[in-house]
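Student: Please pick one spot in this model and look at it closely. Then work outward and tell me how it sits in the rest.

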Amino acid sequence: MNKIILSLSLAGVVTVACHAQQNLTMLKYSIGFPMGDLQEDISKTSWRGVEGGYRYFADGNVAIGVDIGFQTFFERKEYDTYTINNASLTGIQYRYSWNTTMTGQVEWVLNEGADFRPFLGVGAGTMYAKRITDFGLYRFTQDPWQFLMKPEIGATYYMSGGTAIIVAAEYNAAFETKDMEGQSFLALTVGLVFGD
Amino acid sequence: MKRSALGVSALLGVTLLTGCYPDIPDQIEEYDLVYTNFSPSFDFKAHATYSLPDSVVKLTGNLEQGEAPEMLNPLYGDQIIGRIRSNMNAYGWTEVAEGADPDVLILPSVSSSTTISVWYPSYYWGWYYPYYGYGYGWYYPGYYPPSVSSYTSGSLILQMTDPGDPSATDDTPVVWIGLFNGLMEGSTSGLAARVTKSIDQAFKQSEYLKQ
């Protein structure tokens with residue numbers, strides 16, 4: 001289901017025609033670093049992430065828009081014993097975390113009219129955090145929606161034809177729900193921005 | 001521009017579609033689990049003797065009252081019993097005959113059904129001291145071991161019971177339980193090695209059994 005939503009979203013992002021200078025679309029590859037409670041569950045860096053976004057320049061220096069991202073984390077835990085109260089359970093665990101992020105963003109962009117444009121932004125939205133733990137023959141799944149804040153910092157460098165390279169660091173700060181701790185992660189992204 | 005955008009999106013799409021399950025178990029033993037639990041109200045150090053039957057019961061799910069249970073092939077049963085014995089002795093317990101008033105019994109059983117149930121009828125052990133009859137059951141004082149369903153698993157269940165402490169309901173207290181669960185696949189020698197390893201692990205993670 002996540003894949004379908006994401007594919008449709010990506011298709012939508014790519015097919016949006018951006019003929020007005022105020023409108024930009026972007027597509028980015030993302031590397032994820034688990035933080036906080038997510039790091040306690042899975043400590044390994046994720047090399048599997050993607051993000052799409054749309055921006056509308058309200059004026060030369062302020063842009064608003066939306067981002068949709070998907071980042072997957074994985075770690076195999078070696079044969080080990082886990083004890084809760086009197087019970088002990090030993091085995092190998094395969095842990096997966098799939099995080100779909102959706103935020104509204106506002107950005108302050110410097111250097112109006114220049115090729116190199118650094119920016120600072122913040123966003124708010126939600127994250128569908130699906131955590132799967134395969135332990136022996138048994139699977140444990142949690143999939144809450146969590147409130148998400150996403151501050152970001154980055155820069156774009158415009159090339160010919162209105163296309164730009166974008167690099168950004170984004171902190172996906174997910175808030176705890178009654179079902180699960182916040183699944184926060186830092187994303188380093190690189191991609192292309194399309195406009196005219 | 002559209003062509004480059006489509007190229008980038010296709011590349012990212014492939015990354016995603018191959019990224020959800022970057023690795024899954026590919027060895028049978030990776031599915032093996034060992035579970036143990038015990039009664040917090042039972043003082044293991046105040047008990048030092050045990051008895052062990054010479055057969056491993058097969059839980060078939062269709063045993064009638066008075067019917068003799070099916071036993072595991074001694075080729076495998078002897079190995080299981082021997083491994084339990086060596087672990088118990090290593091922890092300082094003394095094996096005694098079943099008529100010599102042992103402090104605890106260890107009852108090994110196996111199941112290849114689709115459900116692990118530690119609540120099976122106790123008359124599976126009606127042939128062994130202290131000769132549980134119909135109507136008896138088990139209870140787990142102060143803890144609740146799992147009863148879970150799966151599809152292709154096999155299980156070895158080790159129950160340590162206290163024969164000298166019948167409850168008011170005539171159920172028998174199981175003061176320690178060890179469960180091994182895994183796929184009933186692979187070679188006979190491979191399965192035997194996994195069972196042996198799991199028995200050792202059950203005792204290893206239950207150091208409170210040490211005398």
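Tutor: Start at D101(B), which sits in the loop between β4 (94-95) and β5 of chain B. The model is predicted. The backbone at D101(B) deserves a look: phi is positive, about 55 degrees, and the residue is not a glycine. Is the residue buried or exposed? D101(B) counts as exposed because its relative accessibility is 55%, and the exposed class begins over 50%.

Follow the chain past β5. The loop between β5 (104-111) and β6 (138-139) of chain B holds P130(B). The peptide bond from Y129(B) to P130(B) is cis, with omega at about 0 degrees. So far, that gives two backbone features in loops of chain B: a positive phi at D101(B) and a cis bond before P130(B).

Chain A has a positive phi to set beside D101(B). N111(A), also not a glycine, has phi near 60 degrees. N111(A) is placed in the loop between β4 and β5 (116-135) of chain A. Its relative accessible area is 40%, so N111(A) is partly exposed; that class runs between 20% and 50%.

Now step back to chain B as a whole. Its secondary structure consists of three helices and eight strands. In sequence order the pattern is α-β-β-β-α-β-β-β-β-β-α. The chain has 211 residues, and 48% of them are buried. Take the contacts with a separation of 6 or more: 78% of these link residues 24 or more positions apart. The accessible surface is about 9900 Å², and carbon and sulfur atoms hold 55% of that area.

Some individual residues fill in this picture. S155(B) belongs to strand β7 (residues 153-161) of chain B. It is buried because its relative accessibility is 8%, where the limit is under 20%. Its side chain makes a polar contact of 3.2 Å with the side chain of N181(B).

Next comes R194(B), in helix α3 (residues 188-204) of chain B. R194(B) is charged. Its relative accessible area is 9%, so R194(B) is buried. What lies 166 residues away in sequence? The partner is I28(B), and the two C-alpha atoms are 9.7 Å apart in space.

The next stop links the two chains. E30(B) lies in the loop between α1 (2-17) and β1 (33-38) of chain B. At 5% relative accessibility, E30(B) is buried. Which side chains of chain A does its side chain meet in polar contacts? One is R76(A), at 2.7 Å. Another is Y94(A), at 2.4 Å. The contact list of E30(B), leaving out residues up to four places away in sequence, is R76(A), I92(A), Y94(A), G136(A) and P25(B).

That leads across to chain A. Its secondary structure is two helices and 10 strands. The order is α-β-α-β-β-β-β-β-β-β-β-β. Chain A has 196 residues, of which 53% are buried. Of its contacts with a separation of 6 or more, 60% join residues 24 or more positions apart. Its accessible surface is about 8700 Å². Carbon and sulfur atoms make up 62% of that surface.

On strand β3 (residues 62-84) of chain A, look at I84(A). I84(A) counts as exposed because its relative accessibility is 64%. Q183(A) is 99 residues from I84(A) in sequence, and their C-alpha atoms are 22 Å apart.

Finish with the internal space. How many cavities of 30 Å³ or more are there? The count is four. The largest cavity has a volume of about 100 Å³. Its lining consists of L24(A), M26(A), R55(A), F57(A), A63(A), E107(A), V109(A), F119(A), T156(A), Y158(A), I166(A) and V193(A). By class, nine of the lining residues are nonpolar, one is polar and two are charged. Four strands of chain A supply at least two lining residues each: β1 (23-34), β2 (48-57), β4 (87-109) and β8 (152-158). Strand β4 also leads back to a loop met earlier, where N111(A) lies between β4 and β5.

Conventions
Residues are numbered from 1 along each chain as its sequence is written. Chains are lettered from A and ligands numbered from 1 in the order in which they are written. This is a predicted model: local features need pLDDT of at least 70, side-chain atom pairs count only at pLDDT 80 or more; totals for chains, interfaces and linings use all residues. Side-chain values use heavy atoms; hydrogens and water are left out. Buried means under 20% relative accessible area, exposed over 50%, partly exposed in between (1.4 Å probe, protein chains only). Contact means heavy atoms within 4.5 Å. Accessible areas come from the Shrake-Rupley method with a 1.4 Å probe; for residues, only the protein chains shown count as cover. On a 1 Å grid over the protein atoms alone, a cavity is a set of points where a 1.4 Å probe fits but cannot get out, and a pocket is an open set with protein on both sides within 12 Å along at least five of seven lines; lining residues have an atom within 4 Å of a point. Grid points are joined across faces, edges and corners, and a volume is the space filled by probe spheres set on the points. A polar contact is a pair of N or O atoms within 3.5 Å; within protein, one must be able to donate a hydrogen and the other to accept it, and residues adjacent in sequence count only if both atoms are side-chain atoms.
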